[in-house]
Amino acid sequence: MADQIEQILVRYPQGDRGFLIPLLQEVQESYGYISPEAVDEIGDFAKVSPGEIFGVASFYSQFRFTKPGEHTIKVCLGTACHVRGSARLLELLEHQLKIKAGQTTPNEKFSLEHVACFGCCALAPVVVVDKQVHGRMSSTKAQKLLKKYGD
Ligand code: FES
């Protein structure tokens, strides 16, 4: 991974913290997350401490610092989905998977996230697994999804 990160770093000016966000975005796009090693390498390169990197990244919900699971489940908590019970769905999934939103199961099968709106509110409540949209979600359907993707 270190070599591949270097290939990204060489395209940026060394020691210029102004490029930190695009750099983090590119690493995340390539690897799906920003590993501890990547944080160190980016920090060395941009002359920014790991603490500052986490601080900057915490303003942007797009960044993740843990390896995503095989399947990523995203629950919409936007208004239309919320009024149709999506918070309860998220709770149910957290309970079933024994993780909180933003975490990955210990077996690395599932990551759980919440988003503000997928832009398909007519299908509320919406859950997206990987890139597949599942509309009009119910707790029964959510259980079936876990079974389907868990096997
Ligand atoms: S509010 Fe959930 S898709 Fe828009």
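In what order do the 4 strands of the open sheet lie? Keep that in mind while we look around; the sheet gets its own stop below.

**Before you start**

This is a predicted model, in which local features need pLDDT of at least 70 and side-chain atom pairs count only at pLDDT 80 or more, while totals for chains, interfaces and linings use all residues. Residues are numbered from 1 along each chain as its sequence is written, and side-chain values use heavy atoms, with hydrogens and water left out.

**The whole chain**

Show the full C-alpha trace: along its principal axes it spans about 50 × 30 × 25 Å. The protein chain has 7 helices and 4 strands; these are DSSP runs numbered from the N terminus, with helices being H or I of at least four residues and strands E of at least two. Following the sequence, you will meet the pattern α-α-α-α-β-α-α-β-β-β-α.

Now colour residues 2-57 as domain 1 and 71-150 as domain 2. Those bounds come from an automatic or database domain assignment. The C-alpha centres of the two domains lie 30 Å apart.

**Helices α3 and α4**

Select residues 36-46 for α3 and 50-57 for α4. Their axes are 9 Å apart and the packing angle is about 105 degrees. Axes here are lines fitted to C-alpha atoms, for helices over the stretch in contact, and angles run from 0 to 180 degrees between N-to-C directions. The two helices are therefore roughly perpendicular to each other. For such labels, angles under 35 degrees count as roughly parallel, over 145 as roughly antiparallel, 65 to 115 as roughly perpendicular and the rest as oblique.

Show side chains next: V39, D40, I42 and G43 of α3 meet P50, I53 and F54 of α4, where contact means heavy atoms within 4.5 Å. By class, this contact has 5 nonpolar, 1 polar and 1 charged residues. Ala, Val, Leu, Ile, Met, Phe, Trp, Tyr, Cys and Pro count as nonpolar, Asp, Glu, Lys and Arg as charged, and the others, Gly among them, as polar.

**Helices α2 and α4**

Keep α4 and add α2, residues 20-31. The axes of α2 and α4 come within 11 Å and cross at roughly 85 degrees, so this pair is also roughly perpendicular. L20, I21 and L24 in α2 meet I53, V56 and A57 in α4. This contact divides into 6 nonpolar, no polar and no charged residues.

**A salt bridge**

Select E26 and R11, which form a salt bridge with their closest N and O atoms 1.9 Å apart. The rule asks for a side-chain nitrogen of Lys or Arg within 4 Å of a carboxyl oxygen of Asp or Glu, and by it the count comes to 6 salt bridges. E26 lies in helix α2 and R11 in the loop between α1 (2-9) and α2, so the pair ties together parts that are 15 residues apart in sequence.

**The sheet**

Back to the opening question: the order is β2-β1-β3-β4, with mixed pairing. Two strands pair if DSSP finds at least two bridges between them. The edge strands, β2 (110-115) and β4 (132-134), each pair on one side only, and the twist averages 20 degrees from one strand to the next. Select β1 (residues 71-76): 6 bridges join β1 to β2, and the two run parallel. H71 has F110 in β2 as its bridge partner.

**Two loop details**

Most residues other than glycine have a negative phi, and most peptide bonds are trans. Zoom in on A124 and P125, joined by a cis peptide bond with omega about -5 degrees. P125 sits in the loop between β2 and β3 (127-129). Finish at D130, in the loop between β3 and β4: D130 has a positive phi of about 55 degrees although it is not a glycine.
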